[in-house]
Amino acid sequence: MTVARVQGSEGAANPHHEDRRAGDILGCRISAISRRDVLERVRVWVAEGSSRYIVVCNVHSVMTAWRDPQFRAVINGADLATPDGMPLVWGLRLLGFRRQERVCGPDLMLDLCRLAAAEGYPVFLYGGTEETLEKLQARLEGMLPALSVAGRFAPPFRPLSRQEDEAVTAMIAASGARIVFVGIGCPKQEVWMAAHSGTIPAVMVGVGAAFDFHGGRLRRAPSWMQRSGLEWLFRLLAEPRRLWRRYLVNNPLFVALFLHQLLTRPERGASKGHTSI
């Protein structure tokens, strides 16, 4: 795994954002932040013209990071690591951030598209298939006529060569996009964003299955399942062969590991200043 900008300690936070309010969940620094505050951060970063990346974390990504120190460094090197899954929201609340809300990829993508349409920020779509991207772009532009999609790229199902990657990076940079949505799945999308941090002058956001949801290929769980932390069950029933190991192995292990973390941490209860968001 080749990763830019996150060299050093496997669990080190991004040195440029040491003030990031976050809770430690199995070694991952998950940002204690609201959806509204994420939008304000993005607004500032776009105005600065800086290169940033945001990861949206669920149990799968945290467990992947727990097993892989290099990937943990990618998560902790992000400018923001939002709690996508309800288990992480509950985890942050148990760590003292009592008003933490869910900041998930599909919802955040729509929020950012609305912001981009209102402020005139061009966006770029990276990931999925060309068919998915075509439907996704049509749906987004149908919902938000003012949205400017500066470009899209469906990467092949293989690693890009160095020359190919340089060409795609140059294309994204030349498009003028200020927000780049990356939907190639965990952990590939997070690694891709970390590797291109500093070379793509935009805010990159890893949105997971949001392309498939908003493009119409997959259905989202009903709202009550999302609020109850049962979205994983809906997805498991929809794609059992692909997702059974992720949910039936990772979820129970996550619960056991996090309970152990809570019971053995040196200071029980919330740290000073970590009682709300």
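Which residue follows helix 4, and what is the sign of its phi? In this predicted model, the residue after helix 4 is Gly 96, with a positive phi near 115 degrees. Helix 4 itself spans residues 86-94, and its buried positions are Met 86, Leu 88, Val 89, Gly 91 and Leu 92.

**Nonpolar cores**

Leu 88 of helix 4 is also a contact of Phe 254, together with Ile 25, Leu 26, Val 59, Val 62, Met 63 and Pro 87, when neighbours within four places in sequence are left aside. Phe 254 is among the residues with the most contacts inside the largest nonpolar core, a set of 39 residues; the others so ranked are Ile 25, Tyr 126, Val 180 and Trp 192. Another core, of 34 residues, lies apart from it and includes Met 109, Leu 115, Val 203 and Val 205.

**Helix 2 and helix 3**

Helix 2 (residues 59-67) packs against helix 3 (residues 69-76) at an angle of about 130 degrees, and their axes are 5 Å apart. The two helices are therefore oblique to each other, and the crossing is left-handed. Helix 2 contributes Ser 61, Thr 64, Ala 65, Trp 66 and Arg 67 to the contact, while helix 3 contributes Pro 69, Phe 71, Arg 72 and Ile 75.

**Cysteines**

Zero disulfides are found in the whole structure. The sulfur of Cys 57 has its closest cysteine sulfur in Cys 28, but the distance of 6.2 Å is too far for a bond, because a disulfide requires sulfur atoms within 2.5 Å. Two buried cysteines are listed below.

| Residue | Relative accessible area |
|---|---|
| Cys 57 | 0%, buried |
| Cys 104 | 1%, buried |

Technical notes. Residues numbered from 1 in each chain as written. Predicted model: local features only at pLDDT ≥ 70, side-chain atom pairs only at ≥ 80, totals over all residues. Heavy atoms only, no water. Buried < 20%, exposed > 50% of the residue type's maximum accessible area, 1.4 Å probe, protein only. Helix = DSSP H or I, 4+ residues; strand = E, 2+ residues; numbered from the N terminus. Core = buried A, V, L, I, M, F, W, Y, C linked by side-chain atoms within 4.5 Å. Contact = heavy atoms within 4.5 Å. Axes fitted to C-alpha atoms, helices over the stretch in contact; angles between N-to-C directions. Parallel < 35°, antiparallel > 145°, perpendicular 65-115°, else oblique. Left-handed = near helix turned anticlockwise from the far one by under 90°.
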